[in-house]
Amino acid sequence: MEALLEVKDLYANIGQFSILQGVSLSVQKNAINVILGRNGAGKSTTLRTIMGYVRPLKGTIQLDSTNLSNLTTYQIARKGIGYMPEDANIFANLTVEENLLISMPNREARTAKRLSDMRDLFPDLTVAWNRQAGTLSGGQRQMMALASVLVSQPNLVLIDEPSKGLSPLLVERIGDALVQLRTETTIVLVEQNFFLAKRTGDYVTVLDDGQTVYTGDMQALASSEDLLQHYLGLQLQTKDGMGL
Ligand SMILES: Nc1ncnc2c1ncn2[C@@H]1O[C@H](COP(=O)(O)OP(=O)(O)OP(=O)(O)O)[C@@H](O)[C@H]1O
Ligand SMILES: [Mg+2]
């Protein structure tokens, strides 16, 4: 197993609050690396710290042989890391295609191919391709936000709760896209929807109170009643699986 990104013992404050207090994360190549944890556990802050929006106080963030901890967000993105935040910004009065084009600063001959790859990946977006983004459904919006990150072909994609607020059918479609992407890139997926995490995840890291409390294979966690109960307060019998 080869880690593409290695986060070790990360500490970070927001204002005077200690938010991350020992986050470690080993991101495996061409795999879906899920981060789980209750509300407020520090999942989004971990992604924001990797991207350089939050400065770590302590700890290391290593991408291959490069230490990212002292780089700016722009420099980090230039290393080939894509980031889809919670509530990603979109340009409401531009079409889907224009939104995607705007997120590709270096246009070249392959631009058309990359756009058509996104249409293949997200059939639900294709039907709205020339509509203004402000008129999209919640699911189409999330797909467009994800496509805007993927269209630049990042080596590593950090995705923060793509299923948020979506119907079970659209969560399935997002899952389909994630599974297809695994062969092309490496994914860090923050999720509260346990079924999506279980279906797509290869590896999992559980955060609690700003710390890594569990790390291992997704299937090992998902099939163990004891581990689920202990780390996530989840019952295996739970049918809805929404929210942790
Ligand atoms: N700007 C901020 N100012 C103060 N506290 C913050 C700020 N942003 C986050 N926090 C706190 O940091 C902790 C971790 O927040 P974070 O958003 O990383 O959690 P999360 O695991 O992503 O939660 P959720 O599942 O709700 O998205 C929370 O207690 C939150 O209240
Ligand atoms: Mg969050």
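Helices, as named in these legends, are DSSP runs of H or I with at least four residues, strands are runs of E with at least two, and both are numbered from the N terminus. All views show a predicted model.

**View 1. The magnesium ion and the two residues that coordinate it.** The magnesium ion (ligand 2) is coordinated by the OG atom of S44 and by OE of E86, at 2.0 to 2.8 Å. The two residues come from distant parts of the chain, 42 residues apart, with S44 in helix 1 (residues 43-50) and E86 in the loop that runs between strand 6 (81-84) and helix 3 (96-102). S44 has a relative accessibility of 17% and therefore counts as buried, since the cut-off for that class is under 20%. E86, at 29% relative accessibility, counts as partly exposed.

**View 2. Helix 1 and the glycine that follows.** Helix 1 is mostly covered, with seven of its eight residues buried. The buried residues of the helix are K43, S44, T45, T46, L47, T49 and I50; S44 among them is also a ligand of the magnesium ion shown in View 1. As a general point, an α-helix has 3.6 residues a turn, so residues three or four places apart point the same way. After helix 1 comes G52, a residue with a positive phi, near 85°.

**View 3. The aromatic pair Y53 and Y83.** The structure holds two aromatic pairs. In the pair shown here, the ring centres of Y53 and Y83 are 5.9 Å apart and the ring planes lie at 40°, so the pair is classed as tilted. Y53 is found in the loop between helix 1 and strand 4 (58-63), whereas Y83 belongs to strand 6, so the pair ties together parts of the chain that are 30 residues apart in sequence. The two partners can be read separately for burial: Y53 is partly exposed, with a relative accessible area of 46%, while Y83 counts as buried at 14% relative accessibility.

**View 4. The aromatic pair Y214 and Y231.** Here the rings of Y214 and Y231 have their centres 5.1 Å apart and their planes at 45°, so this pair too is tilted. Y214 lies in strand 10 (residues 211-217) and Y231 in helix 10 (residues 225-232), so the contact between the rings ties together parts that are 17 residues apart in sequence. Both Y214 and Y231 are buried.

**View 5. Two charged side chains placed over aromatic rings.** K58 lies over the face of Y11, at 4.3 Å from the ring centre. In a second arrangement of this kind, R119 lies over the face of W129, at 4.9 Å from the ring centre.

**View 6. Strand 2 and the loop towards strand 3.** Q28 has its place in strand 2 (residues 17-28) and counts as buried, at 9% relative accessibility. The side chain of Q28 makes a polar contact with the side chain of S26, at 3.3 Å. N30 lies in the loop between strand 2 and strand 3 (32-36), and its phi is near 50°, a positive value in a residue other than glycine. With a relative accessible area of 40%, N30 is partly exposed.

**View 7. The lining of the largest pocket.** The largest pocket has a volume of about 1,000 Å³. Its lining consists of 30 residues, of which A77, S103, P105, S148 and S152 lie nearest the centre of the pocket. Helix 2 (73-78), strand 6, helix 3 and helix 6 (138-150) are the elements that give two or more residues to this lining.

**View 8. Q153 in the loop after helix 6.** Q153 lies in the loop between helix 6 and strand 7 (156-160). Although Q153 is not a glycine, it has a positive phi of about 50°. At 44% relative accessibility, Q153 counts as partly exposed.

**View 9. G82 within strand 6, shown together with A31.** G82 has its place in strand 6 and is buried, with a relative accessible area of 8%. From C-alpha to C-alpha, G82 and A31 are 15 Å apart in space, and they are 51 residues apart in sequence.

Definitions and conventions: Residues numbered from 1 in each chain as written. Chains lettered and ligands numbered in written order. Predicted model: local features only at pLDDT ≥ 70, side-chain atom pairs only at ≥ 80, totals over all residues. Heavy atoms only, no water. Donors = N, O, S within 2.8 Å, 3.2 Å for Na, K, Ca; no water. Buried < 20%, exposed > 50% of the residue type's maximum accessible area, 1.4 Å probe, protein only. Phe/Tyr/Trp six-rings, centres within 6.5 Å; stacked < 30°, edge-to-face > 60°. Lys NZ or Arg CZ within 6 Å of the ring centre and 35° of its normal. Polar contact = N/O pair within 3.5 Å; in protein donor to acceptor, adjacent residues only side chain to side chain. 1 Å grid on protein atoms, 1.4 Å probe; cavity = no way out; pocket = protein on both sides within 12 Å on 5 of 7 lines; lining within 4 Å. Points joined across faces, edges and corners; volume = space filled by probe spheres on them.
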